[in-house]
Amino acid sequence: MSDRDLQGPWALVVGATTTVGEQFARQLGAKGMNVAMVARRKERLDQVASEISEAHGVETRTIALDLMEETGLDRLQDATADLEIGFLVVNANLHRVGHFDLMSLEDKRAMAQMNFEMPVTLAHVYGGPMVERRRGAIVMLNEVNCFSPLEFDAVFQGTKAGLRLFCESLWLEYRASNVRVASIHVSGIEGSESYDAKITPGRRRLIKLLGASMDPAAIVEQALRQLERGKLILVPDTWMFVNIYALKFSDFLRLIGGRLSIMAPSAFFHWFMDGEGARAGQKERKR
Ligand SMILES: NC(=O)c1ccc[n+]([C@@H]2O[C@H](COP(=O)([O-])OP(=O)(O)OC[C@H]3O[C@@H](n4cnc5c(N)ncnc54)[C@H](OP(=O)(O)O)[C@@H]3O)[C@@H](O)[C@H]2O)c1
């Protein structure tokens, strides 16, 4: 049976113009699903959508909007009201780094809204109908280190840890209804602007060699395969298994507890991330 038969005729990819989101749109299109695609950049959305329709003969719909705008989610709901969404991908997120007290309340609330409130709202809007139809899939993008406390990253880490628990809890509720829920945990996404901003090119090459960063096409191929096997925590990986072990190790550190388990991940990540996009908090600390 095709994905379209298993989950429904339409996939909705939220954050579909770049890397993992774009690949979800392309690969679900290749599996025969029609694809509705959301992001702010209309031209880029239209370009990817027309390539998908041409390559796979499926329908596409582009919805250019800013999810952070007050009416963004209502507009998205209106724009998809006539579609049977059987596969929801939540990829868009917002990441700001900085000392908690020096970060604006606006930035903090924006991250909470984008990384937690938005996915919960989308699961509410599209999950309920999936449960009624007794078929569907919801996948949400996350990071391998979502349970690591990180200095200068308190709000972001809080939202991602919460998102993982949200997915796990929803999985428990939805499994009896034949609706698959999964949390996808990745480390570096090659080609992602936010990844490039946090890590300098030399270190990115090393990370790639170690298998801790991946090409978005491979990430999505593996995530879809793991989802088909019924997994809840999806961890795309290379032959080095770095991502799987990083995730297991960070979960394990929580069990040990104590100051070391709280301070070690933060020290490691601040050494690891040497790009300007990850340095804001450290500069502020030195003042
Ligand atoms: N980057 C990494 O290395 C990395 C590592 C671990 C986990 N992850 C996770 O992987 C996912 C993707 O990360 P990413 O760095 O590729 O994300 P990103 O560059 O911030 O955005 C991904 C997509 O979301 C769209 N988007 C962003 N803000 C939006 C808004 N306000 N309204 C509508 N669309 C919006 C972007 O398109 P437009 O700009 O056209 O709107 C793009 O298509 C995230 O959930 C992240 O937590 C990433």
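A residue is called buried if 20 or more other C-beta atoms lie within 10 Å of its own, exposed if 12 or fewer do, and partly exposed in between, with C-beta atoms placed from the backbone. The structure is a predicted model, in which local features need pLDDT of at least 70 and side-chain atom pairs count only at pLDDT 80 or more, while totals for chains, interfaces and linings use all residues. Residues are numbered from 1 along each chain as its sequence is written. Helices (H or I, at least four residues) and strands (E, at least two) are DSSP runs, numbered from the N terminus.

**Exercise 1.** Determine whether leucine 224 is buried or exposed.

Solution. Begin with its place: leucine 224 belongs to helix 9, residues 216-228. Next, apply the count: leucine 224 has 21 other C-beta atoms within 10 Å, and therefore it is buried. Finally, consider a distant part of the sequence: valine 139 is 85 residues away along the chain, yet the two C-alpha atoms are 9.7 Å apart in space.

**Exercise 2.** Assign arginine 134, asparagine 178 and aspartate 196 to their burial classes.

Solution. Arginine 134 is in the loop between helix 5 (105-133) and strand 5. It has 10 other C-beta atoms within 10 Å, so it is exposed. Its phi is near 60°, a positive value in a residue other than glycine.

Asparagine 178 is in the loop between helix 6 (154-174) and strand 6. With 15 other C-beta atoms within 10 Å, asparagine 178 is partly exposed. Its phi is also positive, about 70°, although it is not a glycine.

Aspartate 196 is located in helix 7. The count is 16 other C-beta atoms within 10 Å, and aspartate 196 is therefore partly exposed.

**Exercise 3.** Compare the expected span of helix 10 with its modelled span, and state which of its residues are buried.

Solution. The expected span is 1.5 Å times one less than the number of residues. For the 15 residues of helix 10 (242-256) this gives 21 Å, and the end C-alpha atoms are 21 Å apart, which agrees. The buried residues of helix 10 are Asn243, Ala246 and Leu247. Seen down the helix axis, they fall within an arc of 100° (taken over the directions from the axis to the C-beta atoms), so they line one face of the helix. On the other side, Phe252, Leu255 and Ile256 are exposed. After helix 10 comes glycine 257, with a positive phi near 70°.

**Exercise 4.** Explain why helix 2 is described as largely enclosed by the rest of the structure.

Solution. Of the 12 residues of helix 2, 11 are buried, so the helix is largely enclosed. Among them are Val20, Phe24, Ala25 and Leu28. Helix 2 is followed by glycine 32, whose phi is positive, near 100°.

**Exercise 5.** State how many residues of each class form the shell around the ligand.

Solution. A residue is near the ligand if its C-beta atom, placed from the backbone, lies within 6 Å of it. Of the 27 residues around the ligand, Gly15, Arg40, Arg41, Ala92 and Tyr195 come nearest. For the classes, Ala, Val, Leu, Ile, Met, Phe, Trp, Tyr, Cys and Pro count as nonpolar, Asp, Glu, Lys and Arg as charged, and the others, Gly among them, as polar. The shell has 10 nonpolar, 11 polar and 6 charged residues. Helix 2 (19-30), strand 5 (136-143), strand 7 (188-189) and helix 7 (193-198) each supply at least two of the shell residues.
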